[in-house]
Amino acid sequence: LLLNRYSNLSGTEGQQTGAAGLLEGQLEVFGAPGVLQICNQSRLTGIFTARVREPDASSEKVTIMGFRDGEIINATVLDLVGTDAVYAFLGWQQGHFKFVPGDPGSGEPLAQSVEHLLLEGCRLLDESGRGTEGELAPA
């Protein structure tokens, strides 16, 4: 259903902004992992940007990722780059995202697959949620 919703990426939304192929929405609806899966499974090539206003409303956190044929080839969040940036983004609970088709630049995929990045990132999030650094929490 999600892919059908965005199957006509050059519809009225793209015409209003002047960017054919624009995909955008709220992270609260899809979740950070879900948005990356949509880009991967649709084999998109372009630039993915997500923004979230900090709680104090005085600053904004931004992530930028380059996709080629659905694979992430570069990523930044604040001072983090590469896989660390992807893992940090997976923890975002809210924000606005936008994907614009185009040239993402040069580079090789950050991992063997986006699925691998998602699994590892979710594992790290789970561990940090338990207050551990790679060790199981006591029962």
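What is the mean pLDDT of the protein, and what percentage of its residues reach 70 or more? The mean is 81, and 77% of the residues reach that level. The structure on display is a predicted model, and the tour below should be followed with that in mind.

**Whole chain**

Begin with the entire protein selected and coloured by secondary structure. Six helices and six strands should appear. Traced along the sequence, these elements follow the pattern α-α-β-α-α-β-β-β-β-α-β-α. Of the 139 residues, 38% count as buried. Switching to a surface view shows an exposed area of about 8,100 Å², of which carbon and sulfur atoms supply 51%. Among contacts between residues at least 6 apart in sequence, 64% join residues at least 24 apart.

**Segments of low confidence**

Next, colour the chain by pLDDT and select residues 8–18. Across this segment pLDDT stays under 50, and the model has 14 contacts for it beyond four places in sequence. Then select residues 132–139, where pLDDT again stays under 50. For this second segment, the model has five contacts beyond four places in sequence.

**The sheet**

Now select the six strands together. They form an open sheet in the order β1-β6-β2-β3-β4-β5, with antiparallel pairing. Which strands stand at the edges? They are β1 (23–26) and β5 (80–81); each has a single partner strand, so one side of each is left without a neighbour in the sheet.

Move to the edge formed by β1 and select its partner, β6 (residues 96–101). The two strands run antiparallel and are joined by four bridges. To locate one bridge pair, select Gln-26 and then His-96, its bridge partner in β6.

**The helix across the sheet**

Add helix α4 (residues 32–41) to the selection. Which strands does helix α4 lie across? The helix lies across β1, β2 (46–53), β3 (60–68), β4 (71–77) and β6. Relative to β3, helix α4 runs at about 20°.

**Salt bridges**

Hide the cartoon and display the side chains of Arg and Glu residues. A search of the whole structure finds three salt bridges. One of them links Arg-51 with Glu-60, where the closest N and O atoms are 3.3 Å apart. Are these two partners buried, exposed or partly exposed? Arg-51 is partly exposed, having a relative accessible area of 41%, and Glu-60 is also partly exposed, at 37%.

For the next stop, select helix α6 (residues 114–129) and centre the view on Arg-123. Arg-123 forms a salt bridge with Glu-120, the closest N and O atoms being 2.5 Å apart. These two residues are three residues apart in the helix, about one turn. The side chain of Arg-123 also meets that of Glu-127 in a salt bridge, with an N to O distance of 2.5 Å. Arg-123 and Glu-127 are four residues apart in helix α6, likewise about one turn. Salt bridges that share partners thus join Glu-120, Arg-123 and Glu-127 into one network.

Finally, inspect how far each member of this network is covered. Arg-123 has a relative accessible area of 37% and is partly exposed. Glu-120, at 24%, also counts as partly exposed. Glu-127 has a relative accessible area of 13% and is therefore buried, the cut-off for buried being under 20%.

Notes
Residues are numbered from 1 along each chain as its sequence is written. This is a predicted model: local features need pLDDT of at least 70, side-chain atom pairs count only at pLDDT 80 or more; totals for chains, interfaces and linings use all residues. Side-chain values use heavy atoms; hydrogens and water are left out. A salt bridge is a side-chain nitrogen of Lys or Arg within 4 Å of a carboxyl oxygen of Asp or Glu. Buried means under 20% relative accessible area, exposed over 50%, partly exposed in between (1.4 Å probe, protein chains only). Two strands pair if DSSP finds at least two bridges between them. Contact means heavy atoms within 4.5 Å. Axes are lines fitted to C-alpha atoms, for helices over the stretch in contact, and angles run from 0 to 180 degrees between N-to-C directions. pLDDT is the predictor's confidence in each residue, from 0 to 100. Accessible areas come from the Shrake-Rupley method with a 1.4 Å probe; for residues, only the protein chains shown count as cover.
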